[in-house]
Structures are given as structure tokens and as C-alpha cells.
Amino acid sequence: MANYDEIKAAMADLDEDTLMEMLQELMDNGGEGAMEAMTACQDGLTEVGVRYEAGEYYVGDLIYSGEMMTGAMDILKPALAGDGSNKIGRMILCTVKDDLHDIGKNIVRAMLEAAGFEVLDLGIDVPAGKIVETCKAENIKIVALSGVLTLALDSMKATVDAFKAAGMDDVKILIGGSPVSEEACKAIGADEWAHAPQKTVNVCKAWASAA
């Protein structure tokens, strides 16, 4: 039986070898408890963020933890994907036009998929038109826009405006990343905003359950 406290601690301590060994052992034993293990990884990732804000960790540590999360997801994904009842909806995720950062987006994607979403990841530097077209073609009602650069806010607003121009007011849009704030969210016209990946997951789950 996997020790979820130890999984959380390994992620929080950036102990990749121990983390991957424990997750692989879980999978070798049939994959039972994969969702709980992913939750433990998420909790450990949250602790990494706390330590970063406290000055104990640096940007390089955040990047490393994101890579660890991606690796953890790769190991656990077969067990998570095997549970059809876990699927709660489909959504679009991308980094907006003029921004090439994808570490935060990839962490959020891993956590959204672990939560049960089928995520259409459109990648980085994605123009508003492509997001709207994909949303319309795939009949998707939840969109998460990521950005790290301040100029990403302009691209986020352009995307929200494009949805309004297309008459797609029923699509829920969340903006995330370091430059976003409640004030920016109101100015852009998005439905919600988030700095923490877990808030993104919680908001999108609430939207999916209300649909």
C-alpha cells in the first residue's frame, strides 16, 4: 500500500528518485490508489509553492517541480485513464498569443487530467481565432488561458472579446498566470482567475458539474 504522506514529502522535498520509485511501485502493484497518489503529488507541489514564497526555493526549483509533476503524471496516467467514471468533462487549455511559457500550463494540465478532464492543449502562442474556432468545432464550454508575460493580458482580452464577438457567451473562461489579478480579470472580462493550479482545477470542476 502506497504511503501518500511519503509521496507528498518526496514531491515537496524535490526528491525525484524517491518519488518516481514509489509511483512505479504503485503501478507495478496494479495501480490501485493512483488518484490518491496524484492528489499527494499535488499537495506536495502546493508545498513547493509555499516554500518558494517563503524564500526557501528558487525559480529553478519551481521548474524542477513542474518536470517532476509531468513525470509523475506519465507514470500514473495509465491507471487514471483506465477509470472511465473519472471523466468529468472536456476543456481547452493554452498559453495565449505572444507568450511562449508552458511550464505552468503543463502543471495545470497534469492536475486537470488527474481530476478527470479531457484537456485539449493547444500549446503556446495561440491566437484568439484558433481558440474560438477549436471551441466551436469541439463544442467545448470551458477554456483556461495561461500567460506569464504582462503583455499576455492583452492577448487574453483579445480572446475574451473574440468569444463575445462570436456570440459564444456560454463559454466559461478562466485566466491564469503571474500577471493576472482580480482587477485584470474584470478588465479582461473573464469569468474567473487563478494563480494556484489547484484553484484552476476547483473552478473548472465546479463549472463542469454545473453544466
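This briefing covers one strand with its paired neighbours and one pair of packed helices. The structure is a predicted model. Strand β3, which spans residues 142-146, has 5 of its 5 residues buried, so the rest of the structure largely encloses this strand. Elsewhere, helix α2 (residues 16-28) packs with helix α3 (residues 34-53) at an angle of about 165°.

**Burial of strand β3**

- On one side of β3 the residues I142, A144 and S146 are buried, and on the other side V143 and L145 are buried, with the result that both faces of the strand are covered.

**Strand pairing and crossover**

- Strand β1, made up of residues 89-95, runs parallel to β3 and is joined to β3 by 4 bridges; within this pairing, C94 stands opposite L145 of β3.
- Strand β4, made up of residues 172-176, also runs parallel to β3, and 5 bridges join these two strands; here S146 has G176 of β4 as its bridge partner.
- Between β3 and β4 the chain passes through helix α7 (residues 152-165), and the resulting β-α-β crossover is right-handed.

**Packing of helices α2 and α3**

- The axes of α2 and α3 lie 10 Å apart, at an angle of about 165°; because angles over 145 degrees count as roughly antiparallel, α2 is described as roughly antiparallel to α3.
- The crossing in which α2 passes α3 is left-handed, and the contact involves L19, L23 and L26 from α2 together with A34, A37 and C41 from α3.

Conventions:
Residues are numbered from 1 along each chain as its sequence is written. This is a predicted model: local features need pLDDT of at least 70, side-chain atom pairs count only at pLDDT 80 or more; totals for chains, interfaces and linings use all residues. Side-chain values use heavy atoms; hydrogens and water are left out. Buried means under 20% relative accessible area, exposed over 50%, partly exposed in between (1.4 Å probe, protein chains only). Two strands pair if DSSP finds at least two bridges between them. A crossover is right-handed if, with the strands pointing away from the viewer, the path from the first strand over the helix to the second runs clockwise. Axes are lines fitted to C-alpha atoms, for helices over the stretch in contact, and angles run from 0 to 180 degrees between N-to-C directions. Angles under 35 degrees count as roughly parallel, over 145 as roughly antiparallel, 65 to 115 as roughly perpendicular and the rest as oblique. A crossing is left-handed if the near helix is turned anticlockwise from the far one by less than a right angle, and right-handed if clockwise. Contact means heavy atoms within 4.5 Å.
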